[in-house]
Protein chains: 2
Amino acid sequence: MRPTMRDVARRAGVSLKTVSRVVNGEGGVRPDTTAKVNAAISALGFRRNDIARALRGGKRTRSLGLVIKDVANPFYSQIARGVEEVARANDLLVISGCSDEDPARERHLIRSLCERRVDGLLVVPSGNDHRYLISEISMGTPAVFIDRPPEEALEADVVLIDSVGGARAAVDHLLRHGHRRIACLSDLPGIFTASERLRGYREALGEHGVPVDEALVRPGRHDVAGAESAMAELLALDDPPTAVFTGNNRLTVGALRAIQAAGAGTALVGFDDLELADMLATPVTVVAHQPVEMGRRAAELLCRRMAGEELPPQRVVLPTHLIVRGSGELPPP
Amino acid sequence: MRPTMRDVARRAGVSLKTVSRVVNGEGGVRPDTTAKVNAAISALGFRRNDIARALRGGKRTRSLGLVIKDVANPFYSQIARGVEEVARANDLLVISGCSDEDPARERHLIRSLCERRVDGLLVVPSGNDHRYLISEISMGTPAVFIDRPPEEALEADVVLIDSVGGARAAVDHLLRHGHRRIACLSDLPGIFTASERLRGYREALGEHGVPVDEALVRPGRHDVAGAESAMAELLALDDPPTAVFTGNNRLTVGALRAIQAAGAGTALVGFDDLELADMLATPVTVVAHQPVEMGRRAAELLCRRMAGEELPPQRVVLPTHLIVRGSGELPPP
DNA sequence: AGATGAGATGACAACGTTGTCGTCCTGAGA
DNA sequence: TCTCAGGACGACAACGTTGTCATCTCATCT
């Protein structure tokens, strides 16, 4: 079907190796020979087979694997964007997959990627046991974790967002605006960022001497619908919260819907920025950060590892910044 | 570095081929031998090399290439999501790249993907000359176009959105609400969907006997900032439009910003749904459709082609539906 | 003219796997 | 006991490329 170098060689009346030389611009080929070869190449529509190329000589495949939770979520698609930019600059292709927060799926994906001999892995880890990666790493497939660190046993680079700091800033902001009954919606407790943000929430309250009312803490919400119903429940309490901190973009959207549906004036600060956050009836105050940059940094770190650079495991923590827009400054009733 | 089947064979004291049989579950291996081999496999951390596997026997690489404009744009990331779902179901990996609407970049990407011998291509085409794909297709790499058809010369499957119909419905809606001075923001005229939506706009006006005021037609806007400034200009006219139709999600966001900044009450219907569109001060009426489904359908079509199925080039057109939320029903002043 | 050397080209092996085919062993049937 | 079938396993080639090394051709110099 597809012509090989041998076909090109036959047509050009030269040897296989000469074609290889032309294709790879190795030089040492006379101009007229080069022309003949090039003519044969375009006549046949020859494309070098990178599969064979990668095989021969244990070459690099010039590809990297990216495992995220869900591309359709803007947070992850922005990470993917950053990764793609760096990949492009380094002439790498990105093979990506979604784990949907399922450790089994993640493991299967990573396995497939390793079997395909990607040169490196970028992973937003789902489960809590990534020891199976140790052997992959030791066998020359470096890995960089994004957004969540691997467990202690695994020494690998990781690029994080300052979740605790961001959450504290958010809750601190609400406290300074006079709120004392501040609810918290957070994702599944097994997720690092979720527990970190919850920790930041508790710390901020603690610092201000405000006891945590566990009735206002609603962890384990991992989608818009879950957050919406949790928020609706909170609003239906006899003594509802006057403010809420939401742990990620999905939860923020859900909470906003519930608040709007209830016609409540609940103050809100959300983790992750949202497009149009500034255009809502009450513009949304958020803890913003740079997901694209996170993807970039992780990919750059990975490229250094792939180049063989030896350095102690890096832990990059990107800052957050509070964007004040209105919803976080609503006063308690 | 990474052990090969030969290493496993040596360690297990069997032949290469026996290892291959075990790894691929071919059968015909005694249980105790199988156990020895498996022990060696896990002791060495062996991973089958799919590169070699794909090479031998011209096997499929079990991967497909996806070229979109920009993963960070929700429209495209949703397409990617749909593709990923189908890929997962068919045990394929997705290698994706962003063209950023640059034909040269797109061509380079597709070339790289073909060199890597992806089993099929999914492309949101950027330029207007994809004849170079003909030879790839004829050589056994099927291609399916998404969102925009290739030029006539190229017979390939394509999955589209009913852009003309959607745009007509949007403008018709505005006309029925009494608007006569309706502006249109659209993307670069070279982009199929942009010109189709502009056509739908013109057709709808024509049907209602409303002449097109070219001063209100602003094509060539391809990002939020461009749309925002174009909309600001329109609002600053002596005789500003009372309504606007925006050709895609980026342009809708830009227009909304300008309208809000000007404190104008301009009616708006946008193509593409937006998260939170229903939560804005004036909820946004949109022409919605199913980008995830578009990705799915395209990937399914590609899988059929990859399986060798022969059928005439398909042209799937997915419907749009108007979601009435408020901004499109604002009356003219 | 013969030696020399640089430049151009080709032959061949190897990368890690799997398909083909051959060999060996065991147990059942004659 | 001999034959034979069939199961278990191994040897070998091939996929398409590139690195290594060998060969061949001239132009140049002595």
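This passage walks through a predicted model of two protein chains and two DNA strands, starting with how the chains sit together.

Chains A and B line up neatly. Chain A lands on chain B after a rotation of 180° with 0.0 Å of shift along the axis, at an RMSD of 0.0 Å. The two copies are thus related as by a two-fold rotation axis. The contact between them draws on 44 residues from chain A and 44 residues from chain B. On the chain A side, the elements giving two or more residues each are α4, α5 (74-89), β2 (93-98), α6 (103-115) and α11 (249-262). That side breaks down into 23 nonpolar, 11 polar and 10 charged residues. What is more, 100% of the interface residues of chain A are also interface residues in chain B, so the copies meet through the same surface.

Part of this meeting is strand to strand. β2(A) pairs with β2 (residues 93-98) of chain B in the antiparallel sense, over 3 bridges. Within this pair, I95(A) has I95(B) as its bridge partner.

On to the DNA. Around strand D there are 27 residues, and those that come nearest are M5(A), S15(B), T18(B), T33(B) and R56(B). Both chains therefore have a hand in it, because this set of nearest residues mixes A and B, and the elements tell a matching story: α1 (5-12), α2 (16-23) and α4 (50-55) of chain A and α2 (16-23) of chain B each put at least two residues into the surface near DNA strand D. The largest share, 4 residues, comes from α2(A). By class, the surface near strand D holds 9 nonpolar, 10 polar and 8 charged residues.

Strand C also has 27 residues around it, with S15(A), T18(A), R56(A), T4(B) and M5(B) coming nearest. Here α2 of chain A joins α1 (5-12), α2 and α4 (50-55) of chain B in supplying at least two residues each to the surface near the strand. It is α2(B) that gives the most, with 4 residues. The class count for the surface near strand C reads 9 nonpolar, 10 polar and 8 charged.

Next comes the inside of the protein. In soluble globular proteins, nonpolar side chains tend to be buried together. The largest nonpolar core in this model has 88 residues, and L122(A), V144(A), L122(B) and V144(B) touch the most other members. A second, separate core of 42 residues includes L216(A), M231(A), F245(A) and F271(A). To take one residue of the largest core, V144(B) has several contacts beyond its neighbours within four places in sequence, among them L122(B), A156(B), V158(B) and L301(B). The charged residue D157(B) is another of the contacts of V144(B).

Chain A also carries an open sheet of 6 strands, in the order β7-β6-β8-β9-β10-β12, with mixed pairing. β7 (217-218) and β12 (321-323) stand at the edges with a single partner strand each, so one side of each is left without a neighbour in the sheet. Further in, β9 (residues 267-271) and β10 (residues 285-288) of chain A run parallel and are joined by 3 bridges. One of the residues involved is F271(A), whose bridge partner in β10(A) is V287(A). F271(A) is also among the members of the 42-residue core.

In chain B, a close look at β6 (residues 182-185) is worthwhile. This strand is covered on both faces: I182(B) and C184(B) on one side, and A183(B) and L185(B) on the other, are all buried. In a regular strand the side chains alternate between the two faces of the sheet. β6(B) runs parallel to β8 (residues 243-246) of chain B, with 4 bridges between them, and parallel to β7 (residues 217-218) of chain B, with 2 bridges. C184(B) takes part on both sides, standing opposite F245(B) in β8(B) and having V217(B) as its bridge partner in β7(B).

Finally, two loop residues of chain A have a positive phi without being glycine. D91(A), with phi near 55°, lies in the loop between α5 and β2. R117(A), with phi near 60°, is found in the loop between α6 and β3 (120-123). Their surroundings contrast: D91(A) counts as exposed because it has 9 C-beta neighbours inside 10 Å, whereas R117(A) is buried, with 22 other C-beta atoms within 10 Å.

Notes: Residues are numbered from 1 along each chain as its sequence is written. Chains are lettered from A and ligands numbered from 1 in the order in which they are written. This is a predicted model: local features need pLDDT of at least 70, side-chain atom pairs count only at pLDDT 80 or more; totals for chains, interfaces and linings use all residues. Copies are superposed by least squares on the C-alpha atoms of residues with pLDDT of at least 70 in both. Two residues are in contact if their C-beta atoms, placed from the backbone, lie within 7 Å. A residue is near a molecule or strand if its C-beta atom, placed from the backbone, lies within 6 Å of it. Two strands pair if DSSP finds at least two bridges between them. A nonpolar core is a set of buried Ala, Val, Leu, Ile, Met, Phe, Trp, Tyr and Cys residues joined through C-beta atoms within 7 Å. A residue is buried if 20 or more other C-beta atoms lie within 10 Å of its own, exposed if 12 or fewer, and partly exposed in between; C-beta atoms are placed from the backbone.
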